[in-house]
Amino acid sequence: SGELVVRMLDPYLGGVFVPCCGSGGMFVQSEKFVQEHQGRVDDISIYGQESNQTTWRLAKMNLAIRGIDSSQVKWNTEGSFLNDAHKDLKADFIIANPPFNVSDWSGELLRTDARWQYGTPPTGNANFAWMQHFLYHLSPTGKAGVVLAKGALTSKTSGEGEIRKALIEQANVMDCIVNLPAKLFLNTQIPAALWFMNRARHTQHPRKGEILFIDARNMGHLINRRTRELSSEDIQKIATTYHNWRTGEGDYADEKGFCASVPISRVAELDYVLTPGRYVGLPEEEDDFDFVERFTALKAEFSAQLVEE
């Protein structure tokens with residue numbers, strides 16, 4: 001998912017902030033991306049924060065061996081909420097894979113924090129605290145790509161629905177949602193989605209009144225029983241769809257079962273639920289669908305699998 005986020009954001013030039021930076025994988029993806037596009041890695045500045053010291057040391061090492069300046073990759077045990085290491089930073093790009101559904105994020109100590117511009121997040125779940133932390137650190141034209149647990153697309157617990165509504169209506173920063181396939185992450189089996197926020201929607205954006213939904217649940221291939229991987233073609237298709245939609249430079253068209261550009265008024269009708277499946281519909285079945293043939297083939301495949309088991 002790191003590679004997909006980087007390809008969708010295009011972080012060529014400017015400040016790249018990676019909160020919860022882990023061992024630095026997202027930085028390396030950005031660097032790889034810039035090099036592939038003949039950019040100069042010196043054109044991007046890296047900022048990061050990590051609360052686990054061992055992981056932070058790995059990140060520093062990871063960047064050092066690639067000759068990337070890691071002086072702005074900070075560590076403290078309190079973490080981003082209690083001790084924001086880059087208080088004044090307004091980044092051009094934010095790439096984030098925060099821990100999902102954190103319940104002990106010290107929310108009760110931060111009820112009046114300046115970052116909660118769109119509603120106070122519930123103390124029992126940090127998902128919308130993260131989202132507002134990222135938004136707070138975006139420059140006026142900045143973009144963020146965030147991996148969140150799928151539950152955040154629909155949850156209404158303790159005011160989360162109201163915050164989601166405010167991010168869509170009031171802030172108008174919700175650009176694109178990508179529903180990811182299951183088993184994409186080694187460290188969690190919780191299904192996830194990508195959220196893209198874009199502060200430039202108010203100005204240079206051909207579709208500022210719409211949100212792009214992409215349903216990628218059926219994409220990718222299993223590399224073993226527990227892990228799925230998106231191919232470079234999958235990543236290319238998703239990233240190109242978003243790029244064409246966002247810039248208006250390429251051809252964009254809704255594709256049943258895959259993508260839909262939806263007016264915010266329609267999202268409001270569905271009570272600000274952001275599940276792509278609700279908007280993109282089902283793929284068009286081939287007209288020459290033969291039930292008997294399909295059923296026989298599936299039955300044979302199933303019998304073969306039973307024998308294999």
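**Exercise 1.** Which residue in E2 is the bridge partner of Val16?

*Solution.* Keep in mind that this is a predicted model. Start with the strands: E1 covers residues 14–19 and pairs with E2, residues 44–50, in the parallel sense over 6 bridges. Now go down to the residue level: Val16 has Ile46 as its bridge partner in E2.

Next, look at E4 (residues 91–96), which also pairs with E1 in the parallel sense, over 2 bridges. Here Phe17 stands opposite Ile94. To finish, check how covered E1 is: 6 of its 6 residues are buried.

**Exercise 2.** Work out whether helix H1 is enclosed or open, and see what comes just after it.

*Solution.* Take the cut-off first: a residue is buried if its relative accessible area is under 20%. Then go through H1, where Gly2, Leu4, Val5, Val6, Arg7, Met8 and Leu9 are buried. That makes 7 of the 8 residues in 2–9, so the helix is largely enclosed by the rest of the structure. Step just past H1 and you hit Asp10, with a positive phi of about 55°.

**Exercise 3.** Place Asn172 and describe its surroundings.

*Solution.* First, find Asn172: look in the loop between helix H6 (160–168) and strand E6 (174–179). Second, get its exposure: the relative accessible area is 12%, so Asn172 is buried. Third, list its contacts, skipping neighbours within four places in sequence: you get Ala166, Leu167, Asn198, Arg201, His202, Lys208 and Ile264. Last, zoom in on Lys208, whose backbone oxygen lies 3.3 Å from a polar atom of the Asn172 side chain.

Key:
Residues numbered from 1 in each chain as written. Predicted model: local features only at pLDDT ≥ 70, side-chain atom pairs only at ≥ 80, totals over all residues. Heavy atoms only, no water. Helix = DSSP H or I, 4+ residues; strand = E, 2+ residues; numbered from the N terminus. Buried < 20%, exposed > 50% of the residue type's maximum accessible area, 1.4 Å probe, protein only. Polar contact = N/O pair within 3.5 Å; in protein donor to acceptor, adjacent residues only side chain to side chain. Contact = heavy atoms within 4.5 Å. Pairing = 2+ DSSP bridges.
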